[in-house]
Each structure stands twice: as C-alpha cells, then as structure tokens.
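Open the model in your viewer and keep the sequence panel beside it. Here is a tour of what to select, stop by stop.

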Amino acid sequence: MPEGHTLRRLADDLAGAFAGRTVHVSSPQGRFAADAAVLDGQTLLGADAAGKHLFVEFAGERFVHVHLGLIGTFLVHTGAAAVPPPVGQVRLRLVAADGDHASYADLRGATQCELVGLLQRDAVLARLGPDPLRPDAAPERAWHRISRSHRPIGDLLMDQEVIAGVGNVYRAEVLFRHRLHPLRPGNTLRRSQFRAVWDDLVALMTEGVRTGRIDTVRPEHTPEAMGRSPRKDDHGGEVYVYRRNGMPCHVCGKNVRTEVLVGRNLFWCPRCQPRFRSRASHGSDA
DNA sequence: AGCCTATGCGAAC
DNA sequence: TTCGCCTAGGCTG
C-alpha cells in the first residue's frame, strides 16, 4: 500500500506508539540483527516520512531508514495483551511495554532497512523532489524540472527526484482529474496546469493520510451518486482509471486504456484525456 | 492450495 | 531489460 500517504501515516503511528520510550529492537529474521542489537534498549525519539522514505530516530542521531518498496509492510499494534511470536519474515520488530499491555511493530518485505546517521539521512532527503504532504515543500522546484523536460508527464510524476511520494495510483488519478494524457511532454504543460495538479495532489494525499486509502472520485461520481457497485480492489479506494482498463469511464463511458511506460502500467481515458488538443476545444485546452 | 498481480526501486544482466 | 524482495489480497480450482 505504499505511496506517500502510507508512509506519512506510518510515521505518525510509530511516533504515537513509541516516541520518547525505551524500545526493544530485534530482527527475528536476522537480516537486521547486528544493527538491531545496537539500538536495542535505546530511546526512540520519533519518526518522520519524506516521499516514500521513513526514518525512525533513536537517541544519538541514529536513524533506521526504511523503504517499503512494492510489497513491504510495517504494521503497528498498540494495546496488545501480549506480544505474539513473529509470523513470516520479520526484518525488524519494535516493542515497548505499556503497563499491563504492550505496543509492537513488525516490518516485513521492505527493500530497505538500514541504520544510518544524520549525513546519510540528509543525503537521501537531498535527492527527493518536493513532497506534497510536507508544508515546507517547494513546488516551484518540480515545475522547474517539468517545464524544461521532454519526458512524458506520466514519467515525471513518478520520478521521486521531481515530486516525492506520488505512486502509480495518484499518478493515474491526478492526470485523469486534470484531463492530461500521461504521455504528454512535461514542457507542454502550462504553469497554471501544473499548479492545479500540485494543489490537487496536496488535497488528495492529505485525505489519503486521514483515511488510509486512495479515493479520488468527485462527489458526483461516487458509487452512491451513480448507482454503481463500489470498487472491490486491494487498495480499497474509489478511483477513475487506476486498474480499470477495459472498463467504462465513470465520466464519458469510453473504455479505460492501459500501456506500460518505464516498466509501470499507465491507465487513462482516451476521451477525457486526449493525446492531442481537440479542434473543438476552442483553445481553452482545459 | 495455488496462481497472479501489485501502490517501488536498486542492482544485475 | 529483467530480477529480487518474499507480502498480501483476489481469483481460480
């Protein structure tokens, strides 16, 4: 489930459960065992997210840098009567006693779980573009890259050095909402279009943090409003085009299309997101 | 029970 | 361009 909203939420959950507490750190699977031993019994100071990266901070400017990749999970449990034996390949486990209860968190399947210092953390942050979920984000940095690039906007939106935290679902959905074809070159967007996309990402992803799912359909296109059945999919949210290839567009009825770009699936509506500006648009090109 | 696919991305070929 | 990661939900049987 990892796009930026998942990591932001995870950072908040970890901080809520462990910040300021002495934590038992282990690696039942073994691959993080040496570093876990260094951290075991130390105070966990907090957790923060940037794009799809998570940093769990311990005393002494030590951070566990986590990237979930495609299949990773980091599940936080609070108020457990007992801490159960690890199930599956638990790379990292955090445990804090909580009176007669306990909190614990298990990391599985991550592509990255590494103990780093301040410099290494900052090096990761320096490579990331602005993150729509961070109040200090500088969207003009993203516009600078996009406005001078021939690369498709669909590619640019997924490039974490351009914008951090956007994944395949938010990419597909925000392009649909702004009627932009994913293969349109970045340097053909107008500044106002980029700004609208950015502002929409801020709103959509903020809502994603709140709900824990990705919902992008406007009120008039919800299942209730349209009398259609709700989506049954593992990401759980209501969307316009993501993984809806071959199905009718909620807005115009034309079948949603898919194509692979840089190893990832694009999804778009060929009518709502025309590749070329329509002659009938009278120059509004909205 | 087994198969497929996936919200990501770096390394290997 | 393909593989690894080795999770997890949905679908097939």
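Two strands count as paired here if DSSP finds at least two bridges between them. Keep in mind that this is a predicted model.

**Stop 1: the five-stranded sheet**

Select strand 1 and strand 3 (residues 43-50). Two bridges join them, and the strands run antiparallel. Now pick Arg21 and look across to strand 3: its bridge partner there is Leu44.

Widen the selection to the whole sheet. It is open, has five strands and follows the order 1-3-4-5-9, with antiparallel pairing. Which strands are at the edges? They are strand 1 (21-22) and strand 9 (112-116), and each pairs on one side only.

**Stop 2: helices on that sheet**

Add helix 1, residues 4-18. Helix 1 lies across strand 1, strand 3 and strand 4 (53-58). Its direction is at about 170° to strand 3.

Next, show helix 3, residues 118-126. Helix 3 packs on the sheet and touches strand 3, strand 4, strand 5 (62-67) and strand 9. Against strand 5, its direction makes about 35°.

**Stop 3: the four-stranded sheet**

Move to the open sheet with the strand order 2-7-8-6. Its four strands pair antiparallel. Strand 2 (24-26) and strand 6 (73-80) stand at the edges. Each has a single partner strand, so one side of each is left without a neighbour in the sheet. On average, neighbouring strands of this sheet are turned by 10° against each other, direction ignored.

Zoom in on strand 6 and strand 8 (residues 101-108). Six bridges join this antiparallel pair. Click Leu75: its bridge partner in strand 8 is Asp106. Keep helix 1 on display, as it packs on this sheet too, touching strand 6, strand 7 (90-98) and strand 8. Here the direction of helix 1 makes about 30° with that of strand 6.

**Stop 4: Tyr104 and the hairpin**

Select Tyr104 in strand 8. On one side, Tyr104 is the bridge partner of His77. Val95 also stands opposite Tyr104.

Now show strand 7 with strand 8. How many bridges join strand 7 to strand 8? There are eight, and the two strands run antiparallel. Strand 7 and strand 8 form a hairpin with two residues between them. Gly99 sits in the turn and has a positive phi of about 70°.

**Stop 5: a helix pair**

Select helix 6 (residues 168-177) and helix 7 (residues 191-211). Their axes come within 10 Å and cross at roughly 130°. That angle makes helix 6 oblique to helix 7. The crossing is right-handed.

Turn on side chains at the contact. From helix 6, pick Tyr170, Val174 and Arg177. They meet Val197, Asp200, Leu201, Leu204 and Met205 in helix 7. What kinds of residue make up this contact? Six are nonpolar, none is polar and two are charged.

**Stop 6: an annotated stretch**

Finish with residues 240-274. An unreviewed UniProt entry lists them as "domain: FPG-type". Colour the stretch by secondary structure: the chain here is 0% helix and 29% strand. Select the C-alpha atoms at its two ends, which are 15 Å apart.

Conventions:
Residues numbered from 1 in each chain as written. Chains lettered and ligands numbered in written order. Predicted model: local features only at pLDDT ≥ 70, side-chain atom pairs only at ≥ 80, totals over all residues. Axes fitted to C-alpha atoms, helices over the stretch in contact; angles between N-to-C directions. Parallel < 35°, antiparallel > 145°, perpendicular 65-115°, else oblique. Left-handed = near helix turned anticlockwise from the far one by under 90°. Contact = placed C-beta atoms within 7 Å. Nonpolar A, V, L, I, M, F, W, Y, C, P; charged D, E, K, R; others polar. UniProt positions renumbered as here; feature names shortened; annotations may be inferred.
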